Amino acid sequence: MPKKKALPPAVTFDKELFKRSVVYNVRTLYRKTMDEASPQQVFQAVSYAIKDAIIGHWMDTQQEYEKQDPKMVYYLSMEFLMGRALGNNIINLMAMKPVSEALTELGLDLNVIEDQEPDAALGNGGLGRLAACFLDSLATLGYAAYGCGIRYRFGMFKQEIRNGFQEEVPDNWLDTNNPFELRRPEYAKEVKFGGDTYIRVDEAGREHYAQKNYLSVQAIPYDLPIIGYGSGIVNTLRIWDAQPMEFFLLDSSEQQDYQKAKEQEHLARSIVEVLYPNDNHYAGKELRLKQQYFFISASVQEAVAKYMRTHDDITKFHEKVTFQLNDTHPTVAIAELMRILMDELHLTWDQAILITGKSCAYTNHTIMSEALEKWPIELFSRILPRLYQIIEEINRRFIARIEQQYPGNQEKIRTMAIVYDGQVRMANLAIAVGYSVNGVARLHTEIIKNRELKDFYELMPEKFNNKTNGITQRRFLLHGNQLLADWITSHIGDDWITNLPKINKIKLYADDEKARQEFMNIKYKNKLRLAEYILKANGVVVDPRSIFDVQVKRMHEYKRQLMNILHVMYLYNELKEKPDMDFYPRTFIFGGKAAAAYQNAKLTIKLINAVGEAVNDDPVVDGRLKVIFIEDYRVSNAEMIFAAADVSEQISTASKEASGTGNMKFMLNGALTIGTMDGANVEIVEEVGEEHAFIFGACSDEIIHLEKYGGYNPMEVFNNDADIRKVLMQLINGTYSPGDTELFRTIYNSLLNTISTNKADAYFVLKDFKAYAEAQREVEAAYRDEKRWAHSAIMNIACSGKFSSDRTIEDYVSEIWQLDRVVMPKKQDTV
């Protein structure tokens, strides 16, 4: 067995001092003894004790940054899907063993304590989880960084399943206090909305733009520590809360003052209430724009102010600061930085646009053109009048460049203009001004270069690059699957924790019979754990010896959860028709939230639950087929799900998924992929080999060709395939909706377009269905051969090294940001 090589601990951990700290916190916070304290109170006490261990390193990090003056990246994102903080902080402090021992000596169980912590409701999907992984990697690798976002009070929503339907309820994650956050009112910023712009003249006779008659709120930062594993670095996630600038005085007789204060109070409350408010109406769109500008203005103001506190030449700002715009939501940062440089620091247009262009980089996260944000001119100019003026001028100059490059080509202007056809197009703004545009998987980047953003790429190819996404192995293996992590470390050492490509050494054990059996035993224990969770949450008994086939991700038609559940219906029909058929037990597990206004996605959740209700208790099936929908999918239950999965469903329509990161998390935990050649699946298959995955369906080129030229008619599939026809007819004959044959009519119509004006089967579910069913038969055959399955599972783990967010961040650093690594001086603190 190789000798384990560990990094020097970031903290010399004094167990006795920690235990006294926990007892002291319970006493002083709650006036209770340990025996009297509730589980939530114990969690708070333990968290504050860990926070004490963090604070010194946090302060040391900031002092070292001031001393070394490194270039800093501000990662601007509407979402940060952080998950629970306590366990992750303990791991990155390299204190898991002593903390667990100390708590055991106090008669406490760390797992029980961790379960008291709500997931921070600061994000929803892959965009937010990627941002969280990036922050972890930046701190671990020793790079100066801030994450900047919003302190949502209720998150997107907490998902409850009632009668099979998704219900959205507030996620009151802050009700029990967040022990790791620090309120920093000394860095509060004023953010202005609406009003009028005017030109004022200063004492030197210079003209400057200013605002009047505006409504404003105060942005208050809350800082959360981001601990690097073994690096001694503690970076900061800064999330902004809002409060009114003015408070109404009870003795005031001015109705105008009262009204303004009430408006500010309402604005402040609404801005930070929820993530992604419903924007299928005008008021929702207005609130989204205000949210985006709120956190961007506060973050950019503070970034400039922080720079100016230690530098006196603003023209060199880009040498010390870079903003990474995580999708189109933060792209208003470009106009806001221009405003600050010109209106507050009095630079010329040419100076400001040069600095801004060298300071802002943009990540494109979607191929779906409807997801590239566009704002009505009327709305944008009313809410952000000064920024609209700036964008209009950027647009005028950019169009002049297009006309110079392509004289008389109106089509180029139509596709590339920033302001066009009554809209402000935010992606176009980011590409036109910023210095970098990156995709998030190689296929995705090629598609945006050759199709979606082709005109931009032809004009400025030097800006475009690929940065394939990654995940942090510390969260999704070291913390989420401790049994597997310990097994890997016992065989190859622990270098993989900070250098994931080192995990390829585990390949040596893919052909070792004893190691394969050990792996399968670990997988079985993780499946038992998930089965217990499902029994408690869903009231359904699942067989841990069945194939756990898992699709957990945001609900969207292009991700094709619908194809998955239609296939389950197809299998159910087979079992009903041939009860004695040879059928390996399968448990199909789904999870994910649908946007509140996305009716087809919400109806798919209902269908999944309706099929589960029919299948799970059918005596003919006899437990061989189960369907489970995990309520309120989030990071904390995701860790458990990834660890237990046998099969990773990555079945998006080819060319639609930008990257995906769930595919990487499943791979890291030894699940085999069934999927299309889409997003990062392409690179996963390249790394592990097609023999260790189950690939099916139309390729991206074929899908793009069919979308452009036609040639696919789903009705032909319906007419020519009796099995598919039977499944689809069950959507409208009451099989899964007794007494309401119309319940799933919308889904039926979306596939066959019987009455809709929309394109039939826009995501090619029926086209790929039979290929998917055949791939599923291959999954069953492979799983029956335990030796082959274990070999492939271990090979997936061994080949996952490329997909660490550490590698992705190093790519950003060397090819976009040009950061310098900060090395903390050797110092050992005692908790």
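Two strands count as paired if DSSP finds at least two bridges between them, and in this predicted model that criterion is met by strand β4 (residues 158-162) and strand β5 (residues 165-169), which run antiparallel and are joined by 5 bridges. Within this pairing Q159 stands opposite E168 in β5. The two strands form a hairpin with 2 residues between them, and N163, which lies in the turn, has a positive phi of about 55°.

A parallel arrangement appears further along the chain, where 6 strands make an open sheet in the order β21-β20-β19-β22-β23-β24. Because β21 (625-630) and β24 (694-695) stand at the edges with a single partner strand each, one side of each is left without a neighbour in the sheet. The partner of β24 can be followed in detail: strand β23 (residues 672-675) pairs with β24 in the parallel sense over 2 bridges, and I674 stands opposite F694 in β24. Helix α22 (residues 635-644) packs on the sheet, where it touches β19 and β21, and its direction makes about 140° with that of β19. Helix α19 (residues 513-538) lies across β19 (547-552), β20 (586-591) and β21, running at about 70° to β21.

Turning to the nonpolar interior, the largest core holds 276 residues, of which F294, F323 and F380 touch the most other members. Leaving aside residues up to four places away in sequence, F323 touches Y74, L76, V300, A303, F317, L337, S359, C360 and A361. A second core, separate from this one, has 5 residues, among them I367, L443, I447 and V682. In soluble globular proteins, nonpolar side chains tend to be buried together.

Note on methods. Residues numbered from 1 in each chain as written. Predicted model: local features only at pLDDT ≥ 70, side-chain atom pairs only at ≥ 80, totals over all residues. Heavy atoms only, no water. Core = buried A, V, L, I, M, F, W, Y, C linked by side-chain atoms within 4.5 Å. Buried < 20%, exposed > 50% of the residue type's maximum accessible area, 1.4 Å probe, protein only. Contact = heavy atoms within 4.5 Å. Helix = DSSP H or I, 4+ residues; strand = E, 2+ residues; numbered from the N terminus. Axes fitted to C-alpha atoms, helices over the stretch in contact; angles between N-to-C directions.
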